[in-house]
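Before reading on, take a moment to look over the chain and its fold, and keep the view open while the text moves from one part to the next.

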Amino acid sequence: MYSMVLTAVLMGMQSIPVRVEADVSDGMPVFEMVGCLSAEAKEARERVRTALRNEGYALPAKRITINLFPASVRKPGASYDLPIALAVLAALGGIPGELLKGLLVMGEINLSGRILPVKGILPVVAWARKEGIACCVVPADNQEEARLVDGIQVVGVSCLAEVIAWLKTGKTARCGTEMAECKEGGSSSGICRAHEEAEPDFRELNGQKFVRRACEVAVSGRHNFLMVGPPGAGKTMIAKRIPSILPPMTGEEQLEVAGIYSVRGILGKELVRTRPFRSPHHTITAQGMAGGGALPQPGEISLAHRGVLFLDELPEFRRETLEILRQPLEEQRVRLARKSGSYEFPADFMLVCAMNPCRCGYYPDMQQCGCTRAMIEQYQKKISMPILDRMDICVETKRVAYQELVCGEAENESSDAIRGRVQAAYEIQRIRYEGTDICYNSRIPSDKIAQYCPLDLKQQHYMEQIYAKLHLTARSYHKLLKVARTIADMDGQERIQMRHLREAVCYRSLDQSFWEVPR
């Protein structure tokens with residue numbers, strides 16, 4: 001007899017349908033599995049055979065052939081255990097094959113018949129809904145994750161007996177009641193709650209008014225942001241408070257981010273509404289940053305999607321690790337080529353960096369800096385110019401004066417007040433770019449600069465002088481205009497004014513003051 005069960009395999013974030021075929025016929029007793037299987041997928045033969053026997057379904061002395069097609073796609077992981085078990089039971093007549101139509105099944109099985117959770121449930125269920133599949137059968141531990149996708153029925157099961165009971169009667173085998181796990185996605189319990197603990201607030205930051213303003217501009221347009229200054233000036237404090245002024249994610253963005261975390265296997269049962277803030281240690285490898293492995297997983301770049309990637313002590317990172325950021329910063333995605341195929345992960349993030357200007361941290365204050373010219377050059381050359389060229393805003397974080405340090409929080413603006421202005425700027429950009437692929441000012445393509453950042457003759461003459469004085473590249477010139485566009489939006493102006501350009505230029509002044517070491 002023949003039966004077929006639908007499941008899926010993930011290639012990066014893309015779900016590819018896999019049909020598990022089972023055929024039981026007379027002949028030499030054998031359990032054969034084919035279809036470009038990985039080592040762990042091939043081991044399903046023993047897991048399924050033993051689990052079925054322990055659940056009271058001993059396999060007869062017949063020839064059992066399992067095929068997972070398309071055979072051209074490699075099948076990694078153990079998520080095929082449950083569909084294989086159901087396909088075998090249907091082929092043996094243990095369950096009617098008609099009951100498996102319209103279902104997508106995923107799950108790993110242990111030897112006792114218990115169904116274990118697997119990675120990547122969320123993007124698979126989202127794909128199933130798009131394809132019009134009526135119901136998904138998933139492990140009970142993945143149920144809350146799967147229910148984040150609305151418009152599709154999700155059945156969470158904890159053991160093989162429950163699956164069989166539900167297929168036959170709609171009731172569990174163990175308790176005899178209607179399955180509570182069979183629910184529509186998108187319920188109020190499925191979408192997740194924000195953390196209740198208080199997050200750092202800008203009210204706690206004394207001084208640094210210029211850097212605070214630059215940070216607000218960077219967040220309002222999603223511009224890459226670099227802070228350079230001596231140790232203890234507040235660079236890390238500012239960076240860690242950026243999430244407190246980021247607007248909440250939309251429902252679509254939440255599912256998008258949750259899908260990445262699901263593939264990585266770190267989503268859990270709740271999805272935090274706040275945007276991701278990833279701060280990897282400087283010892284991270286290039287693979288950890290971009291993602292990879294035999295079965296490619298998303299790295300820190302993708303885990304920061306729709307949020308912030310903060311790199312503290314920037315020069316301490318390996319050069320090859322930093323250079324891998326160049327393409328994702330331009331394309332907002334990571335592409336990995338492996339023998340098993342090509343993988344793509346989203347990577348639309350705001351890059352925030354902090355660094356000291358030299359090894360001791362006090363350059364260009366030569367009264368305190370004890371570094372030689374060669375030491376300063378060696379330290380700064382750890383950051384390549386192509387990386388610096390991709391930073392929209394570069395500001396000096398100066399030492400905080402004593403009077404500012406003890407002024408108290410009462411004089412400081414709160415994160416809530418700043419977030420209100422950021423949201424207003426986001427709304428202006430949303431309306432302006434409606435119907436296009438552009439979301440923020442920082443994402444304006446070069447061929448649209450003249451359309452969204454027009455300048456009059458006086459402004460063009462001013463920018464010509466700045467271009468020569470600051471030795472700007474075409475990329476940094478366009479980034480300066482995009483920053484000016486954001487400042488104009490924050491000011492409620494339709495067109496960029498001269499004062500907006502001048503402020504944007506102030507955020508590029510580090511190009512000369514720090515990277516030109518005196519000889």
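The report below describes a sheet, the helices beside it, a hairpin, some backbone details and part of the surface.

**The sheet and its edges**

Because this is a predicted model, every value given here is computed from predicted atoms. A good place to begin is an open sheet of five strands, whose order is 12-15-18-11-19 and whose pairing is parallel. Strand 12 (277-278) and strand 19 (393-396) each have a single partner strand and stand at the edges, so one side of each is left without a neighbour in the sheet. Strand 12 runs parallel to strand 15 (residues 308-311), to which it is joined by two bridges, and within this part of the sheet Arg278 stands opposite Leu309 in strand 15.

**Helix 7 and what surrounds it**

Helix 7 (residues 209-221) packs on the sheet, where it touches strand 11 (225-228), strand 18 (350-355) and strand 19, and its direction makes about 170° with that of strand 19. Which helix crosses helix 7 at roughly 95°? The partner is helix 20 (residues 474-490), whose axis comes within 9 Å of the axis of helix 7. Since angles of 65 to 115 degrees count as roughly perpendicular, helix 7 is therefore described as roughly perpendicular to helix 20. The residues that meet are Arg213, Glu216, Val217, Ser220 and Gly221 in helix 7 and, from helix 20, Val483, Thr486, Ile487 and Met490.

Glu216 has a further partner, for its side chain and that of Arg421 meet in a salt bridge with an N to O distance of 2.7 Å. This pair links distant parts of the chain, as Arg421 belongs to helix 17 (residues 415-432) and Glu216 to helix 7, 205 residues apart. In the whole model the count comes to 30 salt bridges.

Helix 17 also holds Arg419, and, when its neighbours within four places in sequence are left aside, Arg419 is in contact with Glu199, Ser244, Ile245 and Leu246. The C-alpha atoms of Arg419 and Ile95, by contrast, are separated by 57 Å, with their places 324 residues apart along the chain.

**A hairpin**

Strand 16 (residues 333-338) and strand 17 (residues 341-346) pair in the antiparallel sense over six bridges, and the hairpin that joins them passes through two residues. In this pairing Arg335 stands opposite Glu344 in strand 17.

**Backbone details**

Most residues other than glycine have a negative phi, and most peptide bonds are trans. Against that background, two cis peptide bonds deserve attention, and they are set out in the table.

| Cis peptide bond | Omega | Place of the proline |
|---|---|---|
| Phe69 to Pro70 | near 15° | Pro70: loop between strand 4 (63-69) and helix 3 (81-92) |
| Tyr363 to Pro364 | near 10° | Pro364: loop between strand 18 and helix 14 (373-380) |

Where does Cys36 lie? Cys36 is in the loop between strand 3 (30-34) and helix 1 (39-42), and, although Cys36 is not a glycine, it has a positive phi of about 60°.

**A patch on the surface**

Which residues make the nonpolar surface patch of about 340 Å²? The patch is made by Tyr402, Leu405 and Val406, and one of these, Leu405, is found in helix 16 (residues 402-405).

Technical notes. Residues numbered from 1 in each chain as written. Predicted model: local features only at pLDDT ≥ 70, side-chain atom pairs only at ≥ 80, totals over all residues. Heavy atoms only, no water. Patch = residues over 30% accessible without salt bridge, like charges linked within 9 Å, V, L, I, M, F, W, Y side chains within 5 Å. Areas by Shrake-Rupley, 256 points an atom, 1.4 Å probe, with all protein chains shown as cover. Salt bridge = Lys/Arg side-chain N within 4 Å of Asp/Glu carboxyl O. Helix = DSSP H or I, 4+ residues; strand = E, 2+ residues; numbered from the N terminus. Pairing = 2+ DSSP bridges. Contact = heavy atoms within 4.5 Å. Axes fitted to C-alpha atoms, helices over the stretch in contact; angles between N-to-C directions. Parallel < 35°, antiparallel > 145°, perpendicular 65-115°, else oblique.
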